[in-house]
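Q: I would like a close look at one part of this structure, with enough of the surroundings to place it. Please go through it step by step.

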Amino acid sequence: MIKTDRLILKDHTKENLEKLNSWFNDKELSFYDDEEPFTLQDLDETEQYLVNKLISSGFNANKNIIHIAIHTKEGSLIGYCMIALIDKHNKKCKIGLTIGEKSQWGNGYGKETLQTLIEYCFSFLGMNRITAEIFSMNKTSIRLFEGLGFKKEGTIRKSVLKKSEYVDEYIYGLLYDEWKTT
Ligand SMILES: CC(C)(COP(=O)(O)OP(=O)(O)OC[C@H]1O[C@@H](n2cnc3c(N)ncnc32)[C@H](O)[C@@H]1OP(=O)(O)O)[C@@H](O)C(=O)NCCC(=O)NCCS
């Protein structure tokens, strides 16, 4: 568990089921977040995913992925994030985050979460490099990651099909040496 000024980042629990299910079924969230074709998920499917993937890959699971729930200090679940593809040999990993509670967008929670994940990856996991993949139309996410020092390293041209159009995907990267001098 990690506490920040306004947030608590901690392992998922079964109590997160209903909110996660509604977010996984939200077309707008999926538009920015997913490569798969959008398909509705029933509660049972989300429960399987929650138990088998999210809960079983918490902070202390010692896997190459860590799934984390984002709560406000008052206890409300507002989103989720993950540190994926943790490569201990090359000291690199990939970060993703979603503030599922759309009424909370623009309140700085994404930034607070990302700052905390960066610190955790570099200072606790000992990573040398963090990457993120962001679709070209996701202006908020681009501003968020660039604002915290990520550099655009490349473009995967016409990577995903969104609303019948092929959309580019950007690869962003942040190195330990760049972060520690900021
Ligand atoms: C992207 C996301 C995580 C950002 O979280 P958030 O809490 O809304 O963002 P914040 O309030 O921390 O703002 C982050 C930055 O984006 C800017 N921003 C916020 N809303 C914006 C908007 N609608 N358009 C452009 N920039 C915006 C903020 O000003 C801030 O930049 P600043 O620090 O330079 O002022 C959130 O909107 C989300 O979950 N979106 C859907 C899923 C998604 O896109 N996930 C990321 C996949 S890579």
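What percentage of the 182 residues in the chain do buried residues make up? After that, please look closely at strand β4, which holds M82, and at what lies around this strand.

A: The model is a predicted one. Of the 182 residues in the chain, 26% are buried.

First, the setting. The chain contains six helices and eight strands. Their order along the sequence is β-β-α-α-α-β-β-β-α-β-α-β-β-α. The C-alpha trace spans about 45 × 40 × 35 Å along its principal axes. A compact globule of 182 residues would have a radius of gyration near 16 Å, and the chain, at 16 Å, agrees with that. Among contacts with a separation of 6 or more, 54% are between residues 24 or more positions apart.

Now the strand itself. β4 covers residues 77-87 and runs antiparallel to β3, residues 66-72, with six bridges joining the two. Four residues lie between β3 and β4, and the two strands form a hairpin. In that turn, G75 has a positive phi of about 110 degrees. β4 also pairs with β5, again in the antiparallel sense and over six bridges. This pair is a hairpin too, with four residues between the strands, and K91 in its turn has a positive phi of about 55 degrees.

Two residues of the strand show how the pairing works out in detail. M82 of β4 stands opposite H67. I83 stands opposite I95, which belongs to β5.

M82 deserves a longer look. Its count of other C-beta atoms within 10 Å is 19, and a residue needs 20 or more to be buried. M82 is therefore partly exposed. Apart from neighbours within four places in sequence, M82 is in contact with I65, I66, H67, I68 and G96. H67 thus appears both as a contact of M82 and as the residue opposite M82. P37 lies 45 residues from M82 along the chain, and the C-alpha atoms of the two are separated by 21 Å.

K163 gives a second case for the same kind of count. K163 sits in the loop between β7 (151-162) and β8 (165-175). K163 counts as exposed because it has 7 C-beta neighbours inside 10 Å, where 12 or fewer is the limit for that class. Between the C-alpha atoms of K163 and N62, which are 101 residues apart along the chain, the separation is 38 Å.

Helix α1, residues 17-24, has L20, N21, W23 and F24 as its buried residues. These residues lie on the same side of α1, because the arc they cover around the axis is only 165 degrees. Among the elements that cover them are α2 and α3 (43-54).

β5, the partner of β4, also leads to the ligand. The shell around the ligand takes at least two residues each from α2 (27-33), β5 (92-98), α4 (109-124), β6 (129-135) and α5 (139-147). The largest share, six residues, comes from α5. In total 23 residues surround the ligand, and the closest are Y32, I99, W105, G110 and K111. Sorted by class, the shell has nine nonpolar, 10 polar and four charged residues.

Terms used. Residues are numbered from 1 along each chain as its sequence is written. This is a predicted model: local features need pLDDT of at least 70, side-chain atom pairs count only at pLDDT 80 or more; totals for chains, interfaces and linings use all residues. A residue is near a molecule or strand if its C-beta atom, placed from the backbone, lies within 6 Å of it. Ala, Val, Leu, Ile, Met, Phe, Trp, Tyr, Cys and Pro count as nonpolar, Asp, Glu, Lys and Arg as charged, and the others, Gly among them, as polar. Two strands pair if DSSP finds at least two bridges between them. The arc is that of the directions from the helix axis to the C-beta atoms. Two residues are in contact if their C-beta atoms, placed from the backbone, lie within 7 Å. The radius of gyration is taken over C-alpha atoms; the globule rule is 2.2 Å times the number of residues to the power 0.38.
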